[in-house]
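Visitor: I am new to this structure and should like to be guided through it. May we begin once it is displayed?

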Amino acid sequence: MINNFDYSDRSIAPESTSNSIISYTSTELDLLARLMRAEAVGEGELGMLMVGNVVVNRVICGCLDFKNVNTITQAIYQTPNSFSGVNSALFKTPATASEKVLAQRCINGETFYPATNALWFYAPKVNEACKPLWYNQPNAGRYKNHCFYKPNPNVCPNLY
C-alpha cells in the first residue's frame with residue numbers, strides 16, 4: 001500500500017522506488033536509519049530492522065493514534081507517541097550507508113517478527129517481563145530488550 005502524499009510544499013521530491021510500500025524522501029530515509037540506530041543499535045541489525053517496521057507500520061496503518069500519520073517524518077516526531085531515540089546523541093549524526101540499507105529494507109516492506117504488525121515497542125527494566133498490554137493492545141513478542149505490541153486486526157486492518 002502506498003500512501004498518497006502532497007509533496008508540493010517540500011523541496012525534495014519523493015524517491016520512492018517500485019519496491020517501496022510508502023512514499024519517502026532521501027531525507028526521510030536518513031531520518032529512519034538514524035532513529036533505528038538510536039533506538040536499537042545495541043540490539044543489532046535485526047533489532048534495528050524491527051524498529052524500522054514499527055515506524056513504517058505507523059505510516060501505513062491509518063488507525064488509532066496514527067490516523068493522521070502519512071510520512072516517516074510525521075511518524076518519528078508525532079506527539080504524543082514520539083520515539084525517545086530522537087533525543088539521543090546517536091540520532092544527531094547522519095546515517096551510514098549500511099544503516100540506510102536497513103531502513104530501505106523496511107520501506108520496501110520487509111517485516112520481522114515480532115514487529116511485523118507492531119505499532120509500539122518499549123524496553124522494560126532488566127529482568128522485567130513484557131507487559132501483556134500496551135495502549136490496550138496485545139504483546140506480539142519480545143526481541144532481546146524490546147517488547148513489541150500490535151493492534152488487533154479488526155482495529156487496524158491495513159496492517160494485516
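Guide: Let us begin with a helix and its surroundings in this predicted model. The buried residues of α5 pack against α1 (26-40), α2 and α3.

Visitor: Which residues of helix α5 (residues 97-107) are buried?

Guide: A residue counts as buried when its relative accessible area is under 20%. C106, at 1% relative accessibility, therefore meets that condition. The full set of buried residues in α5 is E99, L102, A103, Q104, C106 and I107.

Visitor: Which residue just after α5 takes a positive phi?

Guide: Helix α5 covers residues 97-107. Just after α5, a positive phi of about 100° is found at G109.

Visitor: How many disulfides does the structure hold?

Guide: A pair of cysteine sulfur atoms must lie within 2.5 Å to count as a disulfide. C63 and C156 qualify, with their sulfur atoms 1.8 Å apart. C130 and C147 also qualify, with an S to S distance of 2.0 Å. The number of disulfides is two.

Visitor: How many residues apart in sequence are the parts that C63 and C156 tie together?

Guide: The link of C63 and C156 is right-handed, with 100° about the S-S bond. C63 lies in the loop between α2 (44-61) and α3 (72-77), while C156 lies in the segment after β4 (146-149), so the parts tied together are separated in sequence by 93 residues.

Visitor: Are C63 and C156 buried or exposed?

Guide: The limit for a buried residue is a relative accessible area under 20%. C63 has 4%, and C156 has 0%. Each value lies under that limit, so C63 and C156 are buried.

Visitor: Where do C130 and C147 lie, and how many residues apart in sequence are the parts they tie together?

Guide: The link of C130 and C147 is left-handed, with -85° about the S-S bond. C130 is in the loop between β1 and β2 (133-134) and C147 is in strand β4, so this pair ties together parts whose separation in sequence is 17 residues.

Visitor: What is the pairing when the bonded cysteines are numbered in sequence order?

Guide: One disulfide joins C63 and C156, and another joins C130 to C147. Numbered in sequence order along the protein chain, the bonded cysteines have the pairing 1-4, 2-3.

Visitor: What is the distance from C61 to the nearest cysteine sulfur?

Guide: C61 is buried, at 2% relative accessibility. The nearest cysteine sulfur belongs to C63, but C61 is in no disulfide, the distance being 3.6 Å.

Visitor: Which strands stand at the edges of the sheet?

Guide: Four strands form an open sheet with antiparallel pairing, in the order β1-β4-β3-β2. A strand with a single partner has one side left without a neighbour in the sheet, so the edge strands are β1 and β2.

Visitor: Which residue of β4 stands opposite W120?

Guide: Strands β1 and β4 run antiparallel and are joined by three bridges. W120 belongs to the stretch 120-122 that makes up β1. Opposite W120, in β4, stands Y149.

Visitor: Which strand gives the most to the lining of the largest pocket?

Guide: The largest pocket has a volume of about 190 Å³. Its lining divides into six nonpolar, three polar and two charged residues. Among the lining residues are E39, R58, W120, F121 and Y122. With three residues, the strand that gives the most is β1.

Note on methods
Residues are numbered from 1 along each chain as its sequence is written. This is a predicted model: local features need pLDDT of at least 70, side-chain atom pairs count only at pLDDT 80 or more; totals for chains, interfaces and linings use all residues. Side-chain values use heavy atoms; hydrogens and water are left out. On a 1 Å grid over the protein atoms alone, a cavity is a set of points where a 1.4 Å probe fits but cannot get out, and a pocket is an open set with protein on both sides within 12 Å along at least five of seven lines; lining residues have an atom within 4 Å of a point. Grid points are joined across faces, edges and corners, and a volume is the space filled by probe spheres set on the points. Helices (H or I, at least four residues) and strands (E, at least two) are DSSP runs, numbered from the N terminus. Ala, Val, Leu, Ile, Met, Phe, Trp, Tyr, Cys and Pro count as nonpolar, Asp, Glu, Lys and Arg as charged, and the others, Gly among them, as polar. Buried means under 20% relative accessible area, exposed over 50%, partly exposed in between (1.4 Å probe, protein chains only). Two strands pair if DSSP finds at least two bridges between them. Contact means heavy atoms within 4.5 Å.
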